[in-house]
Amino acid sequence: AVDQAPATNVSTGDGVDHTLWVVADKAEIDRLSRAFEAMNAIYIADGHHRSAAAARVAAARQSANPAHRGDESYNSFLIVSFPDNEVRILDYNRVVRDLGGLGVESFLDKVSQAFTVEASANPARPAKAGEFGLYVDGHWYRLTLSGDLPAADDPAAPLDVSLLAQRLLHPVLGIGDPRTDTR
């Protein structure tokens with residue numbers, strides 16, 4: 001499709017180009033559909049909550065529709081998919097209101113049980129998986145996960161967000177569920 005002229009191309013004020021190609025040929029749509037169906041997994045980098053909500057809405061509407069056929073609009077939702085070599089996922093920050101009664105030195109000691117802790121003169125932004133930036137008491141630190149990643153059936157377990165919760169938020173700060181903890 002991208003070897004053809006695009007249906008539209010729009011440049012935004014901040015210099016980002018949005019280009020759209022339309023695939024209308026039924027045989028080509030079927031070929032692309034088979035290629036997606038053959039994939040073991042598609043990872044959702046952003047929008048996983050919207051995807052889960054859309055699945056719940058579709059299931060509820062299907063249950064409420066005795067004449068369900070499968071081609072209703074609630075059975076689909078719009079996505080965009082990129083190859084992993086064309087995606088750059090930016091860091092996502094967690095803000096914690098307090099150190100759970102620990103002093104800074106004691107906190108950093110406990111953190112060093114699961115991470116290599118290095119002071120940084122500049123904001124420490126993650127450069128690779130298993131690396132985190134920490135800003136506490138006016139100072140930056142680079143945290144690098146120590147030890148092996150846990151083997152798990154859960155595909156989310158090795159993600160940095162999960163590792164941060166498992167190795168720092170819960171054991172060091174006592175934050176069990178970051179979504180519901182008021183800290």
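The second largest pocket of this predicted model has a lining of 20 residues, and those nearest its centre are W21, F36, I79, V80 and S81. If you open up the view there, you are looking at about 1200 Å³ of space. Two elements each give two or more residues to the lining, namely strand 2 (17-20) and helix 1 (26-37). Helix 1 is the biggest giver, with four residues. As for chemistry, the lining holds 15 nonpolar residues, four polar ones and one charged one.

Now let us move along the chain to the largest nonpolar core. This core has 19 residues, and the members that touch the most others are F107, V111, F115, L134, L143, L168 and L173. Helix 3 (104-111), strand 4 (131-136), strand 5 (139-145) and helix 4 (160-169) are the elements that supply two or more residues each. Helix 4 provides the largest share, four residues.

It is worth pausing at V111, one of the core members with the most partners. Leaving aside residues up to four places away in sequence, V111 touches V117, L143, L168 and V172.

Helix 4 deserves a closer look too. Its buried residues are S162, L163, L164, R167, L168 and L169. An α-helix has 3.6 residues a turn, so residues three or four places apart point the same way. With that in mind, try following L164 and L168, both among the buried residues of helix 4. And what covers the buried residues of this helix? The cover includes helix 3, strand 3 (115-120), strand 4 and strand 5.

How values were computed. Residues numbered from 1 in each chain as written. Predicted model: local features only at pLDDT ≥ 70, side-chain atom pairs only at ≥ 80, totals over all residues. Heavy atoms only, no water. Core = buried A, V, L, I, M, F, W, Y, C linked by side-chain atoms within 4.5 Å. Buried < 20%, exposed > 50% of the residue type's maximum accessible area, 1.4 Å probe, protein only. Contact = heavy atoms within 4.5 Å. 1 Å grid on protein atoms, 1.4 Å probe; cavity = no way out; pocket = protein on both sides within 12 Å on 5 of 7 lines; lining within 4 Å. Points joined across faces, edges and corners; volume = space filled by probe spheres on them. Nonpolar A, V, L, I, M, F, W, Y, C, P; charged D, E, K, R; others polar.
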